Amino acid sequence: MEGSALALSQFRTRLGSPLLLSADASSAARSSSGRSRSSRYDTGAPPSRAGRGRVWKRDDPEASPRRAGISGIPKLHPKFSNKGAGGTNKVPVINFEVSHHRAVAAVRLLRADKGKAFVDLLNEKANDSAENEMGYVERTLGFSTRNLDDRDIRLVTVIVAGTVRWKRYIDFLIMSLCSDEKVFSKMEPLLLQILRIGFFEILKLNVPAYAVVDENVRLAKVALRPGAGNMVNAILRKLLSLKETDSLPLPKIEGDDRAQARALSIIYSHPVWMVRRWIRFLGKEEALKLMDWNNSDPYFSLRVNTTNGYTRDDLINRLDDLQVHYEKSIMDEFVRIREGMQAVLQAGLLKEGMCAVQDESAGLVVSVVDPQPGETIMDCCAAPGGKTLFMASRLAGQGKIWALDINKGRLRILMEAAKCHNLDDIITDVHGDLRLYAKESTAKYDKVLLDAPCSGLGVLSKRADLRWNRQFEDLEELICLQDELLDSASLLVKPGGVLIYSTCSIDHEENENRITAFVQRHPEFTPQSVHGYVPAEFITDEGFYSSSPTKHSLDGAFAARLVRSLH
């Protein structure tokens with residue numbers, strides 16, 4: 001990942017990796033203010049307590065709450081205590097009455113809204129992550145839950161990702177069931193998250209109604225107060241009644257293009273600007289298919305590590321032992337799984353270097369690069385390193401890859417993975433800003449890969465939170481950054497060498513248009529068709545590589561080959 005002058009240049013979307021819009025996770029948090037508290041389900045009555053001097057408000061239903069947690073220990077049920085035997089020292093109180101996975105999901109949703117947590121679809125109990133999660137629960141709710149087992153972890157992952165994915169649709173329904181809009185706009189964040197979880201379970205998971213109501217009501221009562229539980233009970237029961245009679249409120253798709261896009265953005269739970277853009281460039285039918293794909297449960301692909309001597313059959317045998325259902329991929333090194341990723345993680349298949357999580361769309365980008373033994377390759381935005389490792393494995397022990405990135409911590413993780421895959425003698429890490437490095441370096445490479453920072457619009461299925469973290473204005477800044485990085489990367493290519501530009505976006509402004517603009521600035525480079533490098537179904541009329549979620553059932557990605565003249 002490259003660049004330091006721009007905020008977006010410090011972070012990038014790579015398949016399966018988090019994307020930030022600011023210099024650190026905490027800076028994404030909204031400004032904090034007090035919270036209103038309503039002691040009964042009376043939508044016409046004002047909040048019984050307005051917090052400590054200020055009332056938290058949501059300016060826009062699409063915006064993240066300004067306050068995504070509670071500032072102190074909430075009042076607990078009388079059965080529980082925050083004090084130790086001496087009455088002064090606080091000790092962890094494990095509450096066995098509440099639903100453990102729902103409590104953890106609610107806290108993670110709070111933290112995700114505040115920008116302090118990612119919606120992690122690959123949740124692994126490693127690096128003390130489970131202990132940290134329990135710490136957040138205790139500090140936020142005032143009590144602890146028991147440690148989560150593998151089933152609980154899967155449920156937390158499904159609930160958090162699904163709730164975030166359907167947030168706009170769910171919030172529309174919650175607001176519709178509150179007779180007074182102020183009840184929704186002033187609802188305290190934890191209560192809102194509990195309601196969101198209940199709505200998602202009822203509408204999308206088909207969890208038994210009694211379990212959803214009872215467990216979420218109990219969580220609200222224990223974590224907040226009895227009145228909050230009463231409110232959750234009333235709203236969830238009203239939702240169940242409307243669902244049973246098939247009379248859920250939905251916006252009508254009518255009016256001008258803007259009005260129709262607003263309605264569709266609620267029904268399909270996407271930002272309005274994305275809906276309008278996709279309808280404009282893809283057509284309405286294709287746009288609806290794309291949003292359906294983004295809202296579906298994602299599959300994951302595993303790439304076998306041939307450098308360690310493993311074959312795809314070896315990986316398949318391990319998956320059979322774990323009773324994980326799989327499908328063979330169009331690429332020889334890959335298999336696809338829809339469920340069972342937790343079993344793969346817990347079995348240690350990644351840690352022992354048997355395989356890596358990588359989408360085939362990224363693998364096809366490596367096919368466009370076409371690493372050959374003996375070549376020198378610069379990976380300009382290398383972290384987290386999936387493509388770097390795959391390219392290194394293709395070199396068959398001959399050649400060298402330089403992995404450059406501005407994030408030193410992510411480079412360290414990359415090199416740890418390289419060692420696990422027995423590729424650390426092939427890969428050399430370079431910490432720096434591509435734009436500065438290219439000016440100062442005299443080295444030239446056979447091939448240069450620029451997997452550029454982008455909007456990530458091709459990976460929204462796996463990155464449930466990304467749709468809400470992206471603004472239309474980001475595109476202009478990203479386009480400028482992409483042009484800067486392309487210009488810099490071109491300086492590192494040998495005469496006769498190849499520059500490969502790739503993104504995980506499906507937006508033409510970030511893809512084809514960037515190549516057109518680059519060639520106009522750099523006539524010494526000529527686009528080369530990817531014919532012969534990837535299957536014909538992935539080749540555009542212009543000779544570029546492009547994968548489409550709706551056409552190929554893969555993450556969206558783009559790549560172009562640009563050959564530098566000999567003179």
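Which residues line the largest cavity? I began there, keeping in mind that this is a predicted model, in which local features need pLDDT of at least 70, side-chain atom pairs count only at pLDDT 80 or more, and totals for chains, interfaces and linings use all residues. Residues are numbered from 1 along each chain as its sequence is written, and side-chain values use heavy atoms, with hydrogens and water left out.

**Cavity.** I looked up the lining and found L109, A112, D113, T163, V164, K167, Q193 and R196 (a cavity is a set of points on a 1 Å grid over the protein atoms alone where a 1.4 Å probe fits but cannot get out, and lining residues have an atom within 4 Å of a point). The largest cavity holds about 40 Å³ (the space filled by probe spheres set on the points, which are joined across faces, edges and corners), and there are two cavities of 30 Å³ or more. At least two lining residues come from each of α1 (100-113), α3 (150-165) and α6 (189-205) (helices are DSSP runs of H or I, at least four residues, and strands runs of E, at least two, numbered from the N terminus). The largest share, three residues, is supplied by α1.

**Confidence.** I noted a mean pLDDT of 84 for the protein chain, with 81% of its residues at 70 or more (pLDDT is the predictor's confidence in each residue, from 0 to 100). Over residues 1-89 the pLDDT is below 50, although this stretch has 228 contacts in the model beyond near neighbours in sequence (contact means heavy atoms within 4.5 Å). Where pLDDT is low, the predicted coordinates should not be read in detail.

**Strands.** I traced an open sheet of four strands in the order β2-β3-β1-β4, with antiparallel pairing (two strands pair if DSSP finds at least two bridges between them). β2 (327-328) and β4 (355-357) stand at the edges with a single partner strand each, so one side of each is left without a neighbour in the sheet. Within this sheet β1 (residues 300-304) and β3 (residues 334-337) pair over four bridges, and R303 stands opposite F334 in β3. I then turned to β6 (residues 400-405) and β7 (residues 427-431), which pair in the parallel sense over five bridges, with A403 opposite D429 in β7.

**Backbone.** I checked the peptide bond between A383 and P384, which is cis with omega about 10°; P384 lies in the loop between β5 (376-379) and α15 (386-394). Q323, in the loop between α12 (312-321) and β2, has a positive phi of about 60° although it is not a glycine.

Technical notes
1 Å grid on protein atoms, 1.4 Å probe; cavity = no way out; pocket = protein on both sides within 12 Å on 5 of 7 lines; lining within 4 Å.
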